[in-house]
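Open the model in your viewer and keep the selection box at hand. We will go stop by stop.

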2 protein chains.
Amino acid sequence: MTTIGIDVGGTNIKAVLTGRDRCILAKLSLPTYAERGPDVVIGQLHAAVEGLLEHASRDDLSGIGIGAPGSVDFERGMILHPPNLPGWEEVPVVALMRDRWQVPVRIDNDANCAALGEAYFGAGRRVAHFVGITLGTGVGSGIIIDRKIYHGEKGYGGEFGHTSIDYNGPPCGCGNFGCIEAYLGNSYLVANARERILHHPESPLYALLSEGTGALTPRHISEAAADADPVAFDILYDAGFKLGIAIANAANLLDITTFIIGGGVSAAGKPLFDGIAEGANGRALKVHRGFISILPAALGNDAGMLGAASLLATP
Amino acid sequence: MTTIGIDVGGTNIKAVLTGRDRCILAKLSLPTYAERGPDVVIGQLHAAVEGLLEHASRDDLSGIGIGAPGSVDFERGMILHPPNLPGWEEVPVVALMRDRWQVPVRIDNDANCAALGEAYFGAGRRVAHFVGITLGTGVGSGIIIDRKIYHGEKGYGGEFGHTSIDYNGPPCGCGNFGCIEAYLGNSYLVANARERILHHPESPLYALLSEGTGALTPRHISEAAADADPVAFDILYDAGFKLGIAIANAANLLDITTFIIGGGVSAAGKPLFDGIAEGANGRALKVHRGFISILPAALGNDAGMLGAASLLATP
């Protein structure tokens, strides 16, 4: 019995064939060709399934799971207004895949799939409840309760990145102020870092400022911190501390005490995670203090497709 | 078939006998005698049951539900360290009641019971998911998902009052800063109001300031607002707006869009609710804006005992 998981990104489609006991039988990656419209993308999804079925009998295929960007109507099996898939207004992707492959097909959004991937294959295998947080362009997240994705009333649940920790804070793209995304989303993190580095010509990062916007990236900051630059360390620690405060809010509300942190910025490691732990365990209610565990995600970019494959395993 | 619900307060025990179709057959109230220790309080609980059973056959009693202050271990049936029940470290109240009355007995904390009461008897009867918020000395709350109390990992879930909306904000009793309780808990609300009224000798509330702390209460502020005092209106609107920002956070995280507001301060009505609606619908993610509904609680002080009676109805 095998299952296919597909992560539909704006640039690439990543797909995996999984077998019993969560073994990974094969992986592949194909261009999405998003700009060519839905028919071509659906063709690429079919090609991904065909490619993986070279490694297993088609009769053994028990289902296909799909992780997709933006809003997903997981009950009707539609991708709604995805920001980086032009022309995908209400494409019935689940029905199209089911008709072609004659197996159960399920879909969910990519942040939820990434969290579910960690639950079944990664850092969340031993915990029933956690919040998975991905630090990328935005701050994506998925809530796992009893090893299942928590969807809320209409499937929009889990938007942890839009927790405001300062109602007079910096504006967020969502229209609110002080959202955690407005501190840790890549461009916000870099913009905040630029301001701070300006005052520190002794920092090795200072030279990058004169190279114009775009020259400084989160990776530079992480590398400088690893090389013992105190300015870079403080930038990451402070960002982590703010994330920790939002985590304390979520722990208080949900009584969930495991948080799994992935995405590019999470590679910063110690300074970021020290800040998170301090913010979360210092700010949460007494019953949680010292009990909030902050784990690095284990699967990197594979979390989405592995979570998609796991959609079939959950009721 | 009848069910008894008991709300154990620091001063009074309130109890209700409910019949089929949520009809209320009888109510009573007894002193708790908390200062006399657990044995006397347990005796009062038995007396409450006896009193109510004068109105129905004992054979028809299908169960007893108890709402208790502070932390409750609802699985083991214990009340843990209740702040206003001295000597109640680990009293097995469920076992004691079950042994005496030979019916199923369940227990939960009072904030969760108040929310469940609204779900079964009050403002939440037509919604499957909501957050019930009680504005009193503190800001209590309970999360109802699929018409059941959401407990979280260890039963501490639903602490909405300790959502920080300003990580540099005023200190909260919990040790955090900028918690919604640090703006809307009775004493915080009054302290903030005092500061503002000081600058407004034209307000009818100004005269109360010279009468010392304790003279100004949330009720005075509500009454002044109802009498068109703009200072009182602004105090309540601003408090509501802050609550609305915390509600936006919860709506984003949980995808729950109904919030039921009770407790003494909620009697302030329009200025408070206008502020809440503006904060919540102005700050939440676009998918929720305009869809968040803020309802006044319907049951007043009866919510707790009616929710306790409803504990038996949920799986």
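Helices (H or I, at least four residues) and strands (E, at least two) are DSSP runs, numbered from the N terminus. This is a predicted model, in which local features need pLDDT of at least 70, side-chain atom pairs count only at pLDDT 80 or more, and totals for chains, interfaces and linings use all residues. Residues are numbered from 1 along each chain as its sequence is written, chains are lettered from A and ligands numbered from 1 in the order in which they are written, and side-chain values use heavy atoms, with hydrogens and water left out.

**Stop 1: a strand residue in chain B**

Select Ser141(B). Ser141(B) sits in strand 9 of chain B, residues 139-145. Is Ser141(B) buried or exposed? Ser141(B) is buried, with a relative accessible area of 7%. Buried means under 20% relative accessible area, exposed over 50%, and partly exposed in between (1.4 Å probe, protein chains only).

Now show the polar contacts. A polar contact is a pair of N or O atoms within 3.5 Å; within protein, one must be able to donate a hydrogen and the other to accept it, and residues adjacent in sequence count only if both atoms are side-chain atoms. The Ser141(B) side chain reaches the backbone oxygen of Gly158(B) at 2.4 Å. A polar atom of that side chain also lies 3.0 Å from the backbone nitrogen of Phe160(B).

Widen the selection to contacts, meaning heavy atoms within 4.5 Å. Setting aside neighbours within four places in sequence, the contacts of Ser141(B) include Ala111(B), Asn112(B), Gly132(B) and Ile133(B).

**Stop 2: the loop after that strand**

Move to Asp146(B). Asp146(B) is in the loop between strand 9 and strand 10 (148-149) of chain B. Asp146(B) has a positive phi of about 55°, although it is not a glycine. At 48% relative accessibility, Asp146(B) counts as partly exposed.

**Stop 3: both chains together**

Zoom out. Two copies of a chain are related by a rotation about an axis and a shift along it. Here, a turn of 180° and a shift of 0.0 Å along the axis lay chain A on chain B with an RMSD of 0.0 Å. That is the relation of a two-fold axis. The superposition is by least squares on the C-alpha atoms of residues with pLDDT of at least 70 in both copies.

Which residue of chain A comes closest to the rotation axis? Select Asp166(A): its C-alpha is at 2.0 Å. The same surface serves both copies, as 100% of the contact residues of chain A recur in chain B.

**Stop 4: the interface**

Colour the contact residues. On chain A, 41 residues are in contact with 41 residues of chain B. The two chains bury about 3700 Å² between them, 52% of it on carbon and sulfur atoms. Buried area is the accessible area (1.4 Å probe) that two parts lose on being put together, summed over both.

Pick out Glu153(A), Tyr167(A) and Leu253(A). In chain A these lose the most area to chain B, together 21% of what that side buries.

How many residue pairs are in polar contact across the interface? The rule finds 30, both residues at pLDDT 80 or more. Next, highlight helix 8 (230-254) of chain A, which with strand 9 (139-145) is among the elements that each supply at least two residues to the side touching chain B. Helix 8 gives the most to that side, with 7 residues.

**Stop 5: an arginine at the interface**

Select Arg283(B), in helix 9 (residues 270-283) of chain B. Arg283(B) counts as buried, at 9% relative accessibility. Its side chain makes a polar contact of 3.0 Å with the side chain of Asn176(A). Beyond neighbours within four places in sequence, Arg283(B) is in contact with residues including Tyr167(A), Phe177(A), Phe241(B) and Ile245(B).

**Stop 6: two last picks in chain A**

Select Asp255(A), in the loop between helix 8 and strand 11 (258-262) of chain A. Asp255(A) has a positive phi of about 50° although it is not a glycine. Its relative accessible area is 0%, so Asp255(A) is buried.

Finish at Asn281(A), in helix 9 of chain A. Asn281(A) counts as buried, at 19% relative accessibility. Its side chain reaches the backbone nitrogen of Gly290(A) at 2.8 Å. The backbone nitrogen of Ile292(A) lies 3.2 Å from a polar atom of the Asn281(A) side chain.
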